[in-house]
Amino acid sequence: MRNITMRRILHTMKRVTNIEKSVDFYTQILGMKVLRTLDQPEDKYSLTFLGYGDETSTTVLELTYNYGVTEYEQGNAYGHFAIGVIDLQKMVEEIESKGIVFALKPTQLKGSNETIAFLADPDGYQIELIERPNAWF
Amino acid sequence: MIRVADLQRSIDFYSKIMGMKLLSTFDQPKDKFTLAFMGFGDGIDSSTIELTYNYGVSEYDLGNGYGHVAIEVEDCQKTIEGIRARGGNIAFEPTPLAELDEIIAFVTDPDGYRIELVQMSADTKASLDEK
């Protein structure tokens, strides 16, 4: 049964209540670029794709803004998405200097060479930053 | 990362129905959770899905904030037929999106999380490459 033709994870989507605020956060705080936007005024929503590379080679983030919706229920099922970074301590200091408070400061995981930190985006979605010294890049 | 109510059921779904590989697991009995990482590649050059199982938690509230994860496919219709044949649940049949020049479909996983399948046209891919 090798007719499975799927290839890769393209993006992950979350709904946001203030698209300008979210775009500012992901570009100015996390250093992503806006890759494309699609505004559908008739259907009252817009999509914004952000990421660190182009969509044909990297997994990106899709933000959906539904006109006029100011609140979503986060539930307790979805957790977070994670970003690999080269120097976590430095990145955390840079982000903190912009007034962002981390939910979890850089912490080395027990029995692992990973160091992780957590922060929340403007809608409260958790984002994990991970440094794996010898594995990546 | 998404939390799942039955880890084996989810691993079976993402591997046997969606075609991912189980890349690693991390069991932490003391703290009563297990992590499982699933993906199409090795998890170094490619993104993965992290499944968290908290011992004994059989239900989660999905909320309405988080949307979905999307997977690129070569042929949306063919992929959907394969998923259906393997017992997957199709939430939205393959449909062309004129404004994006894509064909998309949605599948739901055993916990109800939505997975989008996206078949991009060659033109769309080329335009995304240029950026």
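**Exercise 1. Classify E74(B) and its salt-bridge partner R7(A) by exposure, and place both in the secondary structure of this predicted model.**

*Solution.*
Step 1. E74(B) has a relative accessibility of 44%. Because the partly exposed class lies between 20% and 50%, E74(B) counts as partly exposed.

Step 2. R7(A) has a relative accessible area of 34%, and is likewise partly exposed.

Step 3. The side chains of R7(A) and E74(B) form a salt bridge, with an N to O distance of 3.2 Å. This pair crosses between chains: R7(A) belongs to strand β1 of chain A, whereas E74(B) sits in the loop between β5 (66-73) and α2 (76-85) of chain B.

Step 4. R7(A) also meets the side chain of E72(B) in a salt bridge, at 2.8 Å from N to O. A network of salt bridges links R7(A), R8(A), E72(B), E74(B) and K125(B). In general, side chains of opposite charge can pair when their charged atoms come close.

**Exercise 2. Describe the interface between chain A and chain B by its contacts, its buried area and the elements of chain A that contribute to it.**

*Solution.*
Step 1. Begin with the residues in contact: 38 of chain A and 50 of chain B.

Step 2. The area buried between the two chains is about 3900 Å², and carbon and sulfur atoms give 53% of it.

Step 3. Turn to the polar terms. Four salt bridges are counted between chain A and chain B, and 27 residue pairs are in polar contact, with both residues at pLDDT 80 or more.

Step 4. On the side of chain A that touches chain B, the elements giving two or more residues are β1 (6-16) and β2 (33-40) of chain A. The most comes from β1(A), with 10 residues.

Step 5. By residue class, this side of chain A divides into 15 nonpolar, 12 polar and 11 charged residues.

**Exercise 3. Compare the settings of two salt bridges of chain A, D121(A) with K14(A) and E96(A) with K105(A).**

*Solution.*
Step 1. Over all chains, the count comes to 13 salt bridges. The side chains of D121(A) and K14(A) meet in one of them, at 3.7 Å from N to O.

Step 2. D121(A) lies in the loop between β7 (115-120) and β8 (126-131) of chain A, and K14(A) lies in strand β1 of chain A, so the pair ties together parts that are 107 residues apart in sequence.

Step 3. Both D121(A) and K14(A) are buried.

Step 4. The side chains of E96(A) and K105(A) meet at 2.7 Å from N to O. E96(A) is partly exposed, at a relative accessible area of 27%, and K105(A) is partly exposed at 48%.

Step 5. The settings can now be contrasted: D121(A) and K14(A) are buried, whereas E96(A) is partly exposed, as is K105(A).

**Exercise 4. Is R36(A) buried or exposed, and which side chain does the side chain of R36(A) contact?**

*Solution.*
Step 1. R36(A) is found in strand β2 of chain A.

Step 2. The relative accessibility of R36(A) is 14%. Because buried means under 20%, R36(A) counts as buried.

Step 3. The side chain of R36(A) makes a polar contact with that of E55(A), at 2.7 Å.

**Exercise 5. Identify the buried residues of helix α1 of chain A and describe the two ends of this helix.**

*Solution.*
Step 1. Helix α1 of chain A covers residues 19-29, and its buried residues are I19(A), S22(A), V23(A), F25(A), Y26(A) and I29(A).

Step 2. An α-helix has 3.6 residues a turn, so residues three or four places apart point the same way.

Step 3. The N-terminal end of α1(A) is capped by N18(A), which has a side-chain oxygen 3.2 Å from the backbone nitrogen of E20(A).

Step 4. After α1(A) comes G31(A), with a positive phi near 75 degrees.

**Exercise 6. Summarise the fold of chain B and examine its hairpin of β6(B) and β7(B).**

*Solution.*
Step 1. Chain B has three helices and eight strands, in the sequence order β-α-β-β-β-β-α-β-β-β-α.

Step 2. Its C-alpha atoms fill a box of roughly 50 × 30 × 30 Å along the principal axes, and 47% of its 131 residues count as buried.

Step 3. Strands β6 (residues 89-97) and β7 (residues 102-108) of chain B pair in the antiparallel sense over six bridges. P96(B) stands opposite I103(B) in β7(B).

Step 4. Four residues lie between the strands of this hairpin, where D101(B) takes a positive phi near 55 degrees.

Methods. Residues numbered from 1 in each chain as written. Chains lettered and ligands numbered in written order. Predicted model: local features only at pLDDT ≥ 70, side-chain atom pairs only at ≥ 80, totals over all residues. Heavy atoms only, no water. Contact = heavy atoms within 4.5 Å. Buried area = accessible area lost by both parts, 1.4 Å probe. Polar contact = N/O pair within 3.5 Å; in protein donor to acceptor, adjacent residues only side chain to side chain. Nonpolar A, V, L, I, M, F, W, Y, C, P; charged D, E, K, R; others polar. Buried < 20%, exposed > 50% of the residue type's maximum accessible area, 1.4 Å probe, protein only. Pairing = 2+ DSSP bridges.
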